[in-house]
Amino acid sequence: MTKIGEIFKIFRTGKNITLKEASQNIVSYPFLSRFERGLTDISFTHLLELLDRINVQLSEFEFLYQKNNSEKNDLLPSFQNAYQSGDVSTLRDHLRIRQGQSGKFAELQVIHIKMMLTTLNAASITANDLLLLENYFKSIQNWTFFELYLFGHAMPFLEETFMFNLFKELHQKGFLYDNFRYDSFSMIFYIYNNIISIMLDRNHLDTADLLIENLSTYFKQQEKDYYHRARLLNLQGLAQYLHGEKVVGLSLIKKSDLIAHLTDHNPAFMNNEKRYLAKYLTDNELQYAFDFSNILI
């Protein structure tokens, strides 16, 4: 694992700032040298002062730290990648590791992975799991990305009123998570995507329409990649289809699928889309939505 002192050194040397220049009147020259070699820790106050000295934002520092340690210190995206690709074997490997650990955090991760596997028809969730989960959500005041990921996967399993109250609580915070991490928009989008999908599944079309409108408004203020545009079109299209506007709905769904097709998206993602839409569309409609044979590039 790359230590924070090593990250600081990358920034310092990249700006041609000497140890003496960086440390002056903040920490001693020998201390900063030891810190950069990972031999000593540093207070958060001194770290902020040092970053200010070399003109590096904390968010930039944190971004590079995460990038260098993403595989070791941030397993949540790896869970999500395995889930999205339907990789049951990898999720079961993660589950076995977490089941061998102790503590509340490990217990919550076990439930998290079990929910993913349950959605993939490869496990089941117990009433005790759900009770522990609900009690945990009731007890926390400040959510981090762990709770956001956990909530996203817990939505289909939670009692509807409880789920909506949690969602409203997040919404009332004004999406303070917007600048939390470099993938924060994906996380907000993910939460919205899940709750809209659940409302569509349960035929709560008016609620789904309102949530889609909120997401569309929020989306206009963001400059994001094709994936988010494709997902928004998919949600809008399915909602229109379920309202009886099948021609318009299928057109939007096809646009969404076309974006994924033209950008060579992961085949597993496309297969998941087909499986999900197969709950609503006829075979002919499904074939139309994923037929790109007449697309000339």
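**Nonpolar cores.** I began with the largest nonpolar core of this predicted model, which holds 59 residues. I looked up which members touch the most others, and found Phe 137, Phe 151, Met 163, Ile 196 and Leu 281. I then noted that helix H12 (residues 184-201) gives the most to this core, with 11 residues. I recorded a second, separate core of 19 residues, with Ala 22, Val 27, Phe 35 and Val 56 among them. As background, I note that nonpolar side chains in soluble globular proteins tend to be buried together.

**Contacts of Phe 137.** I listed the contacts of Phe 137, leaving aside its neighbours within four places in sequence. I found Trp 143, Glu 147, Leu 150, Phe 151, Ala 154, Leu 158, Phe 162 and Leu 166.

**Surface patch.** I next turned to a nonpolar patch on the surface, formed by Phe 44, Leu 48 and Leu 58. Together these residues have about 270 Å² of accessible area. I placed Leu 58 in helix H5 (residues 58-73). I entered Leu 58 as partly exposed, because its relative accessible area is 37%, between the limits of 20% and 50%.

**Salt bridges.** I searched the whole structure and found 6 salt bridges; three are entered here.

I found Arg 96 in a salt bridge with Asp 93, with the closest N and O atoms 2.2 Å apart. The two residues are 3 apart in helix H7 (residues 88-99), so about one helical turn separates them. I noted Arg 96 as exposed, at 52% relative accessibility, and Asp 93 as partly exposed, at 36%.

I then examined Lys 114 and Asp 129, whose side chains meet in a salt bridge at 2.7 Å, N to O. Lys 114 belongs to helix H8 (residues 104-119) and Asp 129 to helix H9 (residues 127-139), so this pair ties together parts 15 residues apart in sequence. I recorded both Lys 114 and Asp 129 as buried.

The third entry is Arg 231 with Glu 273, with the closest N and O atoms 2.8 Å apart. Arg 231 lies in helix H14 and Glu 273 in helix H16 (residues 267-277), so the pair ties together parts 42 residues apart in sequence. I recorded Arg 231 and Glu 273 as buried.

**Helix H14.** I checked the length of helix H14 (residues 226-242). Its 17 residues, at 1.5 Å a residue, should span 24 Å, and the end C-alpha atoms are 24 Å apart, so the two values agree. I listed buried residues of H14, including His 228, Arg 231, Asn 234 and Tyr 241. Just after H14, I noted that Gly 244 takes a positive phi of about 100 degrees.

Conventions
Residues are numbered from 1 along each chain as its sequence is written. This is a predicted model: local features need pLDDT of at least 70, side-chain atom pairs count only at pLDDT 80 or more; totals for chains, interfaces and linings use all residues. Side-chain values use heavy atoms; hydrogens and water are left out. Helices (H or I, at least four residues) and strands (E, at least two) are DSSP runs, numbered from the N terminus. The expected span of a helix is 1.5 Å times one less than its number of residues. Buried means under 20% relative accessible area, exposed over 50%, partly exposed in between (1.4 Å probe, protein chains only). Patches are made of residues with over 30% relative accessible area and no salt bridge: like charges are joined within 9 Å, nonpolar side chains (Val, Leu, Ile, Met, Phe, Trp, Tyr) within 5 Å. Accessible areas come from the Shrake-Rupley method with a 1.4 Å probe; for residues, only the protein chains shown count as cover. A salt bridge is a side-chain nitrogen of Lys or Arg within 4 Å of a carboxyl oxygen of Asp or Glu. A nonpolar core is a set of buried Ala, Val, Leu, Ile, Met, Phe, Trp, Tyr and Cys residues joined through side-chain atoms within 4.5 Å. Contact means heavy atoms within 4.5 Å.
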